[in-house]
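Biologist: I am new to this structure and would like a close look at a single part. Please take the packing of one pair of helices, and then place a few other local features around it.

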Amino acid sequence: MAAVAGFYRRTLPSPPAIEFSSPEGKQLFKEALENGHTEGFFKLISYYQTQSEPAYCGLASLALVLNALAIDPGRKWKGPWRWFDDTMLDCCEPLEKIKVQGISFSKVVCLAYCNGAKVDSFHTNESTLDNFRNYVISCTSSEDYHMIVSYNRQYLKQTGTGHFSPIGGYHIGKDMVLILDVARFKYPPHWVPLTLLWEAMDTIDPATGHHRGFMTISRLSSGTSVLYTVCCHHVSWKATAKYLTKEVPQLFSVEKTKDLQELLAVLFAYAPADLRDFINWVAEVRRQEDGNISEEEKGRLAIKEEVLNQVQETELYELVTRWLASESCCKYIKPPGKDSLNEIAAKVCCQGAQVLLGKVVNSSDRTSCRVESSLVMDNGDKPVTVISGKLITESAEGGVDILVPSCRMKLDGFCGCESSNLNRKHPSIDDVFTVLLLALPPHTWSGIKDEQLREQIHNLVSTDSLPTLLQEEVLHLRQQLHYVSVGLCDSSS
């Protein structure tokens, strides 16, 4: 077999860039350090890494920043160690798809938020050059929060197009920023004029139709979401997020409901099968190397218990518990051991997509099949499910849609066997659904036709009267749900 020539790095175009390790680059760094605009550099450089795949620049930039902020991922990387690696950031987009197509700006924002960071994001059409410069100055003057930029390399005379990297410093006299390029196999860290970087950011990402931009990332000021978090790891999380944020309000506008119990029946009856997995409770106890639990961890566990108690003291929890124990909940039970009509349709869609592409997938193919469902209204204003299967390869995409009649099918384990009365040590299905309802955006209920019923549910889900800990928890989950739904918009662009 003939050897295939590869590439060993690229020559950094200079100007406009100045290589960090060059004499001029070192002088710029020295002066920036003296002026106090490299405060975050040392934390970043301590965890500086090369992206593990050519298209993982967004993931590698985020993993670098999360580690620099000392955010605990809450899950193991390798062996006993909890650590952020770009191959772990797969909740908002399948890694196989990112390898081929990269990742959008909003999905990097979503990933940051879902992994426990505070994020402020700005597309360039939502900001200004001066505003960007002010954020650069603030970030480089502190080691407590960092900036990731999304830009078009071509404006810097570099090869490639869309790219993500963190900012490591700012030279106020030259108005230049230090880019810690995570594609270190291609270009080293380098200084570029801030105004030119802004021009490179102020471009349209053709994959989404949206402007690129910048985000600032920091640790959360308090321990929000210590008990509950949105989970995007199961295969149908996109269908679940779409159902909750887009389809439930539409359902309430066409379904007639006379009381709160019937309202819950409508909400859960048409829900995707994995709804119960969309909100997870964080139960891991973080032990020290000697196996003991630190005082800090004991305090964290005490907060978890208090949040759980506050959930169970709400009126909404009483309503959810009564409904889950009712016959109206238990009469729509999926037969055990059998695929649902939706699951069968999903398999057919993926097989059909393979046929369209003329490709039979095997374990060695770099391909992935994405399955999504959406709820639409037919001509008679009755809900109908559309199952879509899309096969993604390195060179092509193919998809098949199938129309499936919607029926009110009960989710396994909704009632009876998992009642919260059976186990009070951990959050139950009752608690999770209560928090899920509290976290739904306020407009979810605006389509309810009965004014008195609409007012009742608004009072039950209002965050205004919640205790502080629970209020912070719910608002954090609501923000996670917002970022997830923004990511869905990118997927449909």
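**A helix pair and some local features**

Modeller: The place of Pro16 is in the segment before β1. The model is a predicted one, and this segment is a convenient place to start before turning to the helices. A cis peptide bond joins Pro15 to Pro16, with omega at about 15°. Pro15 lies in the segment before β1 (18-19) too, and a cis peptide bond also links Ser14 to Pro15, here with omega at about 0°.

Now to the helix pair. Two packed helices are described by the angle between their axes and by the distance between those axes. The pair here is α6, covering residues 129-140, and α7, covering residues 194-201. Their packing angle is about 115°, and the axes lie 11 Å apart. The crossing in which α6 passes α7 is right-handed.

Which residues of α6 and α7 meet? On the α6 side they are Leu129, Phe132, Arg133 and Val136. On the α7 side they are Leu194, Thr195, Leu197, Trp198 and Met201. By character, the residues of this contact divide into seven nonpolar, one polar and one charged. The charged one is Arg133, because Arg counts as charged, and Arg133 belongs to the α6 side of the contact. The polar one is Thr195, because Thr is in neither the nonpolar nor the charged group, and Thr195 belongs to the α7 side.

Two loops hold residues with a positive phi. Ala70 sits in the loop between α3 (57-68) and β2 (76-78). Although Ala70 is not a glycine, its phi is positive, at about 60°. Is Ala70 buried or exposed? Ala70 is exposed, with a relative accessible area of 56%.

Lys157 is found in the loop between β5 (145-152) and β6 (162-171). Lys157 is not a glycine either, yet has a positive phi of about 65°. The relative accessible area of Lys157 is 60%, so this residue counts as exposed, the cut-off being over 50%.

Helix α14, residues 429-439, is mostly covered. How many of the residues of α14 are buried? The count is eleven of its eleven residues. Among them are the charged residues Asp430 and Asp431, as well as Ile429, Val432 and Phe433. Thr434, Val435, Leu436, Leu437, Leu438 and Ala439 are buried in α14 as well.

Terms used. Residues are numbered from 1 along each chain as its sequence is written. This is a predicted model: local features need pLDDT of at least 70, side-chain atom pairs count only at pLDDT 80 or more; totals for chains, interfaces and linings use all residues. Side-chain values use heavy atoms; hydrogens and water are left out. Axes are lines fitted to C-alpha atoms, for helices over the stretch in contact, and angles run from 0 to 180 degrees between N-to-C directions. Helices (H or I, at least four residues) and strands (E, at least two) are DSSP runs, numbered from the N terminus. A crossing is left-handed if the near helix is turned anticlockwise from the far one by less than a right angle, and right-handed if clockwise. Contact means heavy atoms within 4.5 Å. Buried means under 20% relative accessible area, exposed over 50%, partly exposed in between (1.4 Å probe, protein chains only).
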